[in-house]
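Grab your viewer and work through a few exercises on backbone oddities, surface and aromatic rings. Try each task before reading its solution.

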Amino acid sequence: MRFDIVTIFPEFFGVLDVSLLGRARRDGVLELGVHDLREWTHDRHRTVDDTPYGGGAGMVMKPEPWGEAFDALLGPEDGPPSDALVIFTTPAGVPFTQSLARELATESRIVFACGRYEGIDARVAEHVATRARVLEVSLGDYVLNGGEVAAMAMIEAIGRLVPGVVGNPESLVEESHEDGLLEHPSYTKPRVWRGLEVPEVLRGGNHAAVDAWRRAEALERTRRVRPDLLPGGDSPL
Ligand code: SAM
């Protein structure tokens with residue numbers, strides 16, 4: 001699977017060299033291309049923003065460098081449609097969830113557009129949608145300074161679901177949000193730490209009892225922390 005990222009801060013993505021995703025890249029399971037939007041500017045100041053039509057505070061990202069970036073990444077404007085899925089990171093997009101991450105992990109190529117300032121001129125997404133599939137995706141109901149952290153979080157969540165990235169695929173199945181519940185608590189050795197003991201059922205070797213305990217704990221935790229995940233549940237706030 002390949003990720004391309006267009007950003008004015010390519011240095012943000014250095015962290016994708018480390019840990020599981022870094023290894024997956026070195027093993028050739030994941031490919032990553034990080035592109036500096038300013039490479040597609042032509043003025044001395046490498047300008048990527050301008051004042052908003054209609055007035056108001058802040059600046060808006062100009063469409064021209066984005067247009068050239070997409071020509072380079074998706075093929076010429078009048079060429080055949082691209083297979084890539086283009087994700088515009090925006091707080092005004094559909095929420096990013098584990099089930100969306102699962103769906104996106106089946107793509108062969110995703111291009112991320114990272115906005116800054118007040119966002120990207122709206123015609124860019126409209127234009128890209130004539131040449132590729134486009135999704136506007138939000139990391140959550142809050143506003144970041146730019147799309148880089150959002151793209152990175154999405155790449156990590158999607159990337160770890162790509163076969164071959166996480167060593168033991170079974171470890172992906174039992175996680176929070178995979179079956180609509182939060183995960184049960186986990187423990188390791190020692191049996192007693194600072195006076196706190198690991199629940200006895202986990203030490204007894206009775207697998208059915210362990211499964212039942214974990215299910216009950218997952219339900220209890222979900223009810224307490226995220227009742228909104230349960231049928232008819234209220235918001236946690
Ligand atoms: N004016 C925009 C609005 O109110 O919808 C917010 C602009 S924000 C300061 C700048 C950029 O950060 C956005 O274009 C987007 O790329 C990114 N961003 C901010 N919050 C985000 C979120 N929750 N999810 C994804 N991207 C986000």
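**Exercise 1: backbone oddities**

R194 sits in the loop between β8 and β9 (196-197); helices (H or I, at least four residues) and strands (E, at least two) are DSSP runs, numbered from the N terminus. Before going on, note that this is a predicted model, where local features need pLDDT of at least 70, side-chain atom pairs count only at pLDDT 80 or more, and totals for chains, interfaces and linings use all residues. Residues are numbered from 1 along each chain as its sequence is written, and side-chain values use heavy atoms, with hydrogens and water left out.

Task: find the phi of R194 and say whether the residue is buried or exposed.

Solution. Start with the backbone: R194 isn't a glycine, yet its phi is positive, about 50°. Next, check the accessibility: at a relative accessible area of 74%, R194 is exposed. The cut-offs are under 20% for buried, over 50% for exposed and in between for partly exposed (1.4 Å probe, protein chains only).

Task: do the same for Y117, then work out which residues the cis peptide bond joins.

Solution. Y117 has a positive phi too, about 55°, and is not a glycine. Look for Y117 in the loop between β6 (109-113) and α4 (123-128), where the residue is partly exposed at 38%. As for the cis bond, K189 and P190 are the partners, with omega about 5°. P190 belongs to the loop between α5 (148-159) and β8 (192-193).

**Exercise 2: aromatic rings**

Task: how many aromatic pairs are there, and what geometry does the pair F3 and F112 have?

Solution. First, the rule: rings of Phe, Tyr and Trp (its six-membered ring) pair if their centres lie within 6.5 Å; planes under 30 degrees apart are stacked, over 60 edge-to-face, the rest tilted. That gives 4 aromatic pairs. F3 and F112 are 6.2 Å apart centre to centre with 40° between the planes, a tilted pair. Now place them: F3 is in strand β1 and F112 in strand β6, so the pair ties together parts 109 residues apart in sequence. F3 is buried at 2% relative accessibility, and F112 is buried at 0%.

Task: describe the pair F70 and F88, and say which residues form a cluster with them.

Solution. The centres of F70 and F88 lie 5.8 Å apart with the planes at 45°, so this pair is tilted. F70 is in helix α2 (residues 63-74) and F88 in strand β5 (residues 85-95), 18 residues apart. Both are buried. Finally, ring pairs link W66, F70 and F88 into a cluster.
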